[in-house]
Amino acid sequence: MLPLPVDLACPPTDPGPVAVELITAGQITNDWKLVVNDGTTGPVTLPATVGVLRHPKALITVDAGLGQKNREKAQPGFPMRWARADMDVPAGATVVEQLGRVPDLVLLTHMHYDHIGGLLDMPGVRAWTGDADWWTYGGGNLGFPPRLFRDTIQWEPQDFEGPGSAQILGRPAQDVLGDASIWYLSLPGHTPGSAAVLARGESGPVLFIGDTGWVDKHLADSMRPWAVSLFIDARKADHRESLAWARAMKAQCPGLRVVTGHEPADLKPVRAPAAQ
Ligand SMILES: [Zn+2]
């Protein structure tokens with residue numbers, strides 16, 4: 001485990017300008033024994049959790065969840081075809097169906113199929129990704145034809161170390177709207193360019209860590225099983241450091257809500273969009 005700063009600052013807990021909501025954009029059936037290494041077994045339904053950030057200036061989502069192409073079992077393709085059988089995208093469950101519109105911006109925690117599938121329902125949308133994911137996957141990943149994404153999405157790869165970057169909670173970060181209400185943080189390892197999102201929510205700060213931890217148990221005393229991590233985590237040492245950081249944030253900052261990528265307790269019913 002790499003050393004961490006012993007005294008990470010916590011984000012302010014006073015109310016911020018962002019209304020934060022979690023929605024479930026499809027779900028994946030799995031078995032606990034493939035999710036955690038603490039001996040738990042049995043079937044589990046993992047939500048494709050998407051954060052909805054309503055800021056006075058923009059409607060932003062954290063990830064895009066599963067989308068129409070996943071519902072139709074048209075995606076993902078090779079080499080992730082096997083994943084189609086375990087996916088379920090109920091009627092009304094995609095991000096666009098639940099929001100009733102395309103968001104102004106999507107902040108991707110990483111470019112795996114269950115986080116970018118919904119982008120195909122959002123032609124023309126702006127999407128941020130860590131630039132290391134962009135250079136690694138080139139606008140598609142794990143069976144998605146990159147062409148589909150290059151042609152339809154306005155990609156904005158972020159250089160965490162580049163101009164305008166700051167240090168937030170000890171990590172390189174970009175200020176998404178320029179008012180310090182939403183930050184896009186480097187959190188590499190699960191994929192090379194994985195990111196976290198910190199939002200100053202109306203009820204306090206919320207930190208989305210994507211699949212650095214799939215479930216809340218990963219923030220406590222379990223990990224992904226070793227063989228699963230070997231297959232799924234691109235950079236193991238970076239992932240261990242990023243997970244240790246997320247655990248430290250949760251442990252040291254009781255006023256901070258830390259949201260994992262697929263916590264079963266976050267599974268939400270499909271919500272009909274509000275009348276436009
Ligand atoms: Zn995922």
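**Figure 1. An open sheet of seven strands in the predicted model.** The strand order is β4-β1-β2-β3-β5-β6-β7. Pairing in this sheet is mixed. In general, strands of a sheet pair through backbone hydrogen bonds, either parallel or antiparallel. The edges are formed by β4, residues 87-88, and β7, residues 154-158. Each of these edge strands pairs on one side only.

**Figure 2. Where β6 meets β7.** Strand β6 spans residues 126-130. β6 and β7 run parallel, and five bridges join them. One position to look for is A127, which stands opposite W155 in β7.

**Figure 3. The protein as a whole.** The chain forms seven helices and 13 strands. Of its 276 residues, 46% are buried. Take the contacts between residues at least 6 apart in sequence: 70% of them join residues at least 24 apart.

**Figure 4. The largest nonpolar core.** This core holds 56 residues. L107, L119, Y184, L185, A196, V197 and L207 touch the most other members. Strand β11, residues 195-201, supplies the largest share, five residues. In soluble globular proteins, nonpolar side chains tend to be buried together.

**Figure 5. The surroundings of L207.** Residues up to four places away in sequence are left out of this view's count. Beyond them, L207 touches A196 and L198. L207 also touches M249, L256, R257, V258 and V259. M249 is one of the buried residues of helix α7.

**Figure 6. Helix α7, with a buried side and an exposed side.** α7 covers residues 236-252. The helix has 17 residues and reaches 24 Å from its first C-alpha to its last. That is close to the 24 Å expected at 1.5 Å a residue. Buried in α7 are D238, H239, S242, L243, W245, A246 and M249. These buried residues lie on the same side of α7, because they cover an arc of only 155° around the axis. An α-helix has 3.6 residues a turn, so residues three or four places apart point the same way. A237 and A251 sit on the other side of α7, and they are exposed. The buried residues of α7 pack against two strands, β12 (204-208) and β13 (257-259).

**Figure 7. E241 in helix α7.** Is E241 buried or partly exposed? E241 is partly exposed, because 19 other C-beta atoms lie within 10 Å, while a buried residue needs 20 or more. P188 is 53 residues away from E241 along the chain. Even so, 8.7 Å separates the C-alpha atoms of E241 and P188.

**Figure 8. D63, a residue with positive phi.** Most residues other than glycine have a negative phi, and most peptide bonds are trans. D63 is not a glycine, yet its phi is positive, about 75°. D63 lies in the loop between β3 (58-62) and α1 (68-71). D63 counts as buried because 28 other C-beta atoms lie within 10 Å.

**Figure 9. A180, another loop residue with positive phi.** Which loop holds A180? A180 lies between β9 (171-175) and β10 (182-186). Phi of A180 is near 60°, a positive value in a residue other than glycine. A180 has 15 C-beta neighbours inside 10 Å, so A180 counts as partly exposed. D63, by contrast, is buried.

Key:
Residues are numbered from 1 along each chain as its sequence is written. This is a predicted model: local features need pLDDT of at least 70, side-chain atom pairs count only at pLDDT 80 or more; totals for chains, interfaces and linings use all residues. Two strands pair if DSSP finds at least two bridges between them. Helices (H or I, at least four residues) and strands (E, at least two) are DSSP runs, numbered from the N terminus. A nonpolar core is a set of buried Ala, Val, Leu, Ile, Met, Phe, Trp, Tyr and Cys residues joined through C-beta atoms within 7 Å. A residue is buried if 20 or more other C-beta atoms lie within 10 Å of its own, exposed if 12 or fewer, and partly exposed in between; C-beta atoms are placed from the backbone. Two residues are in contact if their C-beta atoms, placed from the backbone, lie within 7 Å. The expected span of a helix is 1.5 Å times one less than its number of residues. The arc is that of the directions from the helix axis to the C-beta atoms.
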